[in-house]
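Thanks for coming. I have one chain to walk through today, and I will keep to what the coordinates show.

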Amino acid sequence: MKQKLKDLLKDCWNLPNTLTLFRLVLVPFFILLYLDGHPYQALAVFCIASLTDMLDGYLARKNNQITSFGKLVDPLADKMLVVSALFCHGWKGVFPWAAIILVTIKEIGMITGSLVLLGKKDVVVHSNYWGKTSTCFFIAALILGFFHDQLGTFMNVKLDIWLLWISVVLAYCAAVTYCQVLYTHMKKKI
């Protein structure tokens, strides 16, 4: 396991991975600001963190700096940011707890699966189209959640809630695809 960790950390210090780590560092600041009654400062931190998500992926591809560390930690940082924001919106009564619990269960399953694959098969599974799409919808829903009371409704449901449930469906599509990859790799003999 020590060697696997060394291999994972090899070549991890580049700009895209630094942006990913910066996003992780922003999560507690976001939570503190939100829960301390500073929603618009929290929104600013959330937007900055979300922008680092787009920027780190772009830079990693453009500069050919895609690393195993980035493939593993970037989705983890996304999950931490999204789940933290979901819990904050749930705490304030903006988002329904059913959606938050479904997303949390899915994320715990995906993190566990990633660790199993890394530990047993030395495989890092990167995010897929469904995962990236669901993250975009989550970010849109979470940003709109800051303006929940001002939003209009469609069929008596606010726009941010519609986007949230679309995000949940997309996230579970990503999980199905991920489970297929997990199953394929677990079947292989090393």
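Start with F30, which is buried, with a relative accessible area of 1%. This is a predicted model, so take that value as computed from a prediction. F30 lies in helix 2. Leaving out residues up to four places away in sequence, F30 touches A42, V45, F46, S84, A85, C88 and F146. For a distance along the backbone, take F30 and A49: they are 19 residues apart along the chain, and their C-alpha atoms are separated by 9.2 Å. Why does F30 count as buried? Because the cut-off for buried is under 20% relative accessible area, and F30 has 1%.

F30 also belongs to the largest nonpolar core, which has 30 residues. F30, L86, F95, F138 and L142 are the residues with the most contacts inside that core. Which helices supply at least two residues each? They are helix 2 (15-35), helix 3 (39-62), helix 4 (68-91), helix 5 (97-121), helix 6 (129-145) and helix 7 (159-187). Helix 4 gives the largest share of this core, six residues. As background, nonpolar side chains in soluble globular proteins tend to be buried together.

L142 is another of the residues with the most contacts inside the core. Setting aside neighbours within four places in sequence, L142 is in contact with F46, V82, A85, L86, H89 and F95. F46 and A85 appear in the list for F30 as well.

Next along from L142 is I143, which lies in helix 6. Is I143 buried, partly exposed or exposed? At 24% relative accessibility I143 counts as partly exposed, because buried needs a value under 20%. With neighbours within four places left aside, I143 is in contact with L43, F46 and C47. I143 and A85 are 58 residues apart along the chain, and 9.3 Å separates their C-alpha atoms.

Now M80, which is found in helix 4. Its relative accessible area is 38%, so M80 is partly exposed. What does M80 touch, not counting residues up to four places away in sequence? The answer is L24 and V27. M80 and V27 are 53 residues apart in sequence, and 7.1 Å apart from C-alpha to C-alpha.

Stepping back to the whole chain. There are seven helices and two strands. Read along the sequence, the pattern is α-α-α-α-α-α-β-β-α. The chain has 190 residues, and 45% of them count as buried. Taking contacts between residues at least 6 apart in sequence, 76% join residues at least 24 apart.

Two asparagines are worth a look for their backbone angles. N64 is found in the loop between helix 3 and helix 4. N64 is not a glycine, yet it has a positive phi of about 55°. At 68% relative accessibility, N64 counts as exposed, because the cut-off for exposed is over 50%. N156 lies in the loop between strand 1 (153-154) and strand 2 (157-158). N156 is likewise not a glycine and has a positive phi, of about 65°. With a relative accessibility of 75%, N156 counts as exposed.

On to the cysteines. How many disulfides does the count give? The count comes to zero. For reference, a disulfide is a covalent bond between the sulfur atoms of two cysteines. As for the surroundings of individual cysteines, C136 counts as exposed, at 54% relative accessibility. C179 has a relative accessible area of 45%, so C179 is partly exposed. C88 and C47 have come up already: C88 is touched by F30, and C47 is in contact with I143.

Last item, the second largest pocket. About 200 Å³ of space lies in it. Of the 13 residues that line this pocket, the closest to its centre are Y34, P39, V94, G145 and F146. F146 is also among the residues that F30 touches. How does the lining divide by residue type? Six of the lining residues are nonpolar, five are polar and two are charged.

That brings us back to F30, buried at 1%, in a core of 30 residues. I can take questions now.

Methods
Residues numbered from 1 in each chain as written. Predicted model: local features only at pLDDT ≥ 70, side-chain atom pairs only at ≥ 80, totals over all residues. Heavy atoms only, no water. 1 Å grid on protein atoms, 1.4 Å probe; cavity = no way out; pocket = protein on both sides within 12 Å on 5 of 7 lines; lining within 4 Å. Points joined across faces, edges and corners; volume = space filled by probe spheres on them. Nonpolar A, V, L, I, M, F, W, Y, C, P; charged D, E, K, R; others polar. Core = buried A, V, L, I, M, F, W, Y, C linked by side-chain atoms within 4.5 Å. Buried < 20%, exposed > 50% of the residue type's maximum accessible area, 1.4 Å probe, protein only. Helix = DSSP H or I, 4+ residues; strand = E, 2+ residues; numbered from the N terminus. Contact = heavy atoms within 4.5 Å. Disulfide = S-S within 2.5 Å.
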